[in-house]
Amino acid sequence: MNLKISRRKTGRTYLSIVKNYRDKETGISKTATIKSLGYLDDLEKEYDDPIAHFKEVARQMTEEENSKKKLTLSINMDEKLSPDTDNRKNFGHAAILKIYHELGMDVFFKNKSRHENFEYNTNSIMILLVVSRLLSPGSKKKAYEEKSRYFERFNFSLPDVYRSLSHFSKVSTEFQRYLNSQITEKYGRNTKTIYYDVTNFYFEIDKADDFRKFGLSKEKRKDPIVQMGLAIDADGIPLHYEVFPGNTVDKETFRPVIGEVRRNYDTGRVIVVADMGIITGDNIFYLLGKDKGKNFNGYVFSFSVRGGTKAFKEYVISDEGYADINGKAADENSDFKVKSRRIAREINVTLQSGKVVKKTVYEKQVVFWGRKYALKAKAEREEVLKKAHDLTANPQKYTKATSYGAAKYVKNLKFDEKTGEVLDVKERPVLDLTKVAEEEMYDGYYAIVTSELDMSDMEMIDTYRGLWEIEETFRVAKVVLETRPVYVSLQDHINAHFLTCFIALAILRIIQRKTGKLYSAQRTDK
């Protein structure tokens, strides 16, 4: 409660006690008059100091109101719940709802449903789906069946949950823009560097359709998939996602997602960090812009060592120019070494006409080697070589699918195109020792290229290493939040499913940020 002092048109001063509140429908802050006190000159006849007196009255009224809100609970610490108890409640969702309401998500979903003929509360449904995704992930049916776990009034049916998904899909792009503006306003965002990656999610179905298609599964599964392109900010908080048909290649998802961020997220100039699977001349040219010498946006991309030109490989394995972590000339005892150079490189760019032309880009190229990386690569290859040895000795045990990984180290190996079985050939399969030796040469070496010519070597490496955040985000989505398998089938329902997962991820990351990242995602969501 506050004392309001206002001057009327007559010139007299009027006192009243008012209360500030937020409109539940619009989210707009408003003021309500609790008690009208009268004109100051009249009150001075009754009180020595009316203003001081009624300020104290307002304070006491506030204390009294707050005391009524308090509840004292008595808990017997020795009492135990019986095994058949089914009315336990979850308090953990309070932290989730605090972020949910801080970011005005409730305001958005209420406003978007205001002019729709829904007989159910879409905001209430979204709360259930998000809270369940974080605390007890599973299907929409499972979330509905467990709704009594939470201190919320969920007055809707299971069919209402499924009906609402089409609406959520329709507003998903607008919601992501809204959420970005809210996060920027409430917590601040670091979008000078944006990390981008692609993953896919499988469906346990036998036949593909127009959206769930067979594609290159990250998990080596044979199920139909959909692709998801995700951008996150420098703090690991999700920025924007889009879902694509399962047969969409990674590089084709880049411009739709980054383009949406560039146009509608008010980020200014950005540096995009991504893996080599995203790199194409078209994507690089898209970031840099058409003005020669003026890089509108920038990039830090990984660059293939084993897939590089002969000249590049010679540069990589040459000892000349490498320095250790202290900046001194590296030798055989160094555990880490790095070198860099500025280069002009030609890329292929596709014009609107479809014609492919060559463009020159000016980059800084960093090559580094780490002993632990080399040892890790060697150990991983040894495991694959065990399989390769067995493949040469017992080729009929394997198929094209089961020999995956080991087959590249075996010569004279051919498969039946229809069945995938190993074919009998004149020359028996043997280990390709030349291939093994060539790969060993590049163990532990990595290369990165950037448009930022003045970025230091270690800054480039540290910036690129931040890409693990998005890889870990996908892992959290798949393992902790159990985003897959996906149980809905319609395209708009699939998109709505990923919208709820996107919101859950954003809330999870914000909670981690608020707690100084003291807790892992597994501990935070519990």
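In this predicted model, helix α10 (residues 281-288) lies across the strands β7, β8 (298-303), β9 and β10, and its direction runs at about 95 degrees to that of β9. The strands crossed by α10 belong to an open sheet of eight strands with mixed pairing, arranged in the order β6-β5-β4-β7-β8-β13-β10-β9. The edges of this sheet are formed by β6 (238-245) and β9 (336-350), each of which has a single partner strand, so that one side of each is left without a neighbour in the sheet. Averaged over the sheet and with direction ignored, neighbouring strands are turned by 25 degrees against each other. A further helix, α9, packs on the sheet, where it touches β4 (193-202), β5 (225-232), β6 and β7, and its direction makes about 145 degrees with that of β6.

Strands of a sheet pair through backbone hydrogen bonds, either parallel or antiparallel. Strand β7 is paired on both sides in the parallel sense, with three bridges to β4 and four bridges to β8. In the pairing with β4, Y195 stands opposite V273 of β7, while I271 has G298 as its bridge partner in β8. The side chains of β7 are divided between two directions, I271 and V273 pointing one way and V272 and A274 the other, and all of these residues are buried. An antiparallel pairing is found between β10 (residues 356-370) and β13 (residues 445-450), which are joined by six bridges; here the partner of V367 in β13 is A447.

Helix α14 (residues 457-465) has as its buried residues D457, M460, I461, T463 and Y464. These residues cover an arc of only 165 degrees around the axis, and they therefore lie on the same side of α14. An α-helix has 3.6 residues a turn, so residues three or four places apart point the same way. The elements that cover the buried residues of α14 include β4, β7, β8, β9, β10 and β13.

Two packed helices are described by the angle between their axes and the distance between the axes. For helix α7 (residues 158-170) and helix α16 (residues 491-514), the angle is about 80 degrees and the axes are 8 Å apart, which means that α7 is roughly perpendicular to α16. The contact is made on the side of α7 by Y162, L165, S166, F168 and S169, and on the side of α16 by D492, H493, N495, A496 and L499. Sorted by class, the residues in the contact of α7 with α16 are five nonpolar, four polar and one charged.

Several loop residues may be described individually. Most residues other than glycine have a negative phi, and most peptide bonds are trans. D266, which is not a glycine, nevertheless has a positive phi of about 50 degrees; D266 is located in the loop between α9 (254-264) and β7 (271-274) and is exposed, with a relative accessible area of 77%. A positive phi, near 65 degrees, also occurs at N412, again a residue other than glycine. N412 is placed in the loop between β11 (410-411) and β12 (430-431), and its relative accessible area of 30% makes N412 partly exposed. E119 lies in the loop between α4 (105-113) and α5 (122-135) and counts as exposed at 80% relative accessibility. Although E119 and D160 are 41 residues apart in sequence, their C-alpha atoms are 8.4 Å apart in space.

Terms used
Residues are numbered from 1 along each chain as its sequence is written. This is a predicted model: local features need pLDDT of at least 70, side-chain atom pairs count only at pLDDT 80 or more; totals for chains, interfaces and linings use all residues. Side-chain values use heavy atoms; hydrogens and water are left out. Axes are lines fitted to C-alpha atoms, for helices over the stretch in contact, and angles run from 0 to 180 degrees between N-to-C directions. Angles under 35 degrees count as roughly parallel, over 145 as roughly antiparallel, 65 to 115 as roughly perpendicular and the rest as oblique. Contact means heavy atoms within 4.5 Å. Ala, Val, Leu, Ile, Met, Phe, Trp, Tyr, Cys and Pro count as nonpolar, Asp, Glu, Lys and Arg as charged, and the others, Gly among them, as polar. Buried means under 20% relative accessible area, exposed over 50%, partly exposed in between (1.4 Å probe, protein chains only). Two strands pair if DSSP finds at least two bridges between them. The arc is that of the directions from the helix axis to the C-beta atoms.
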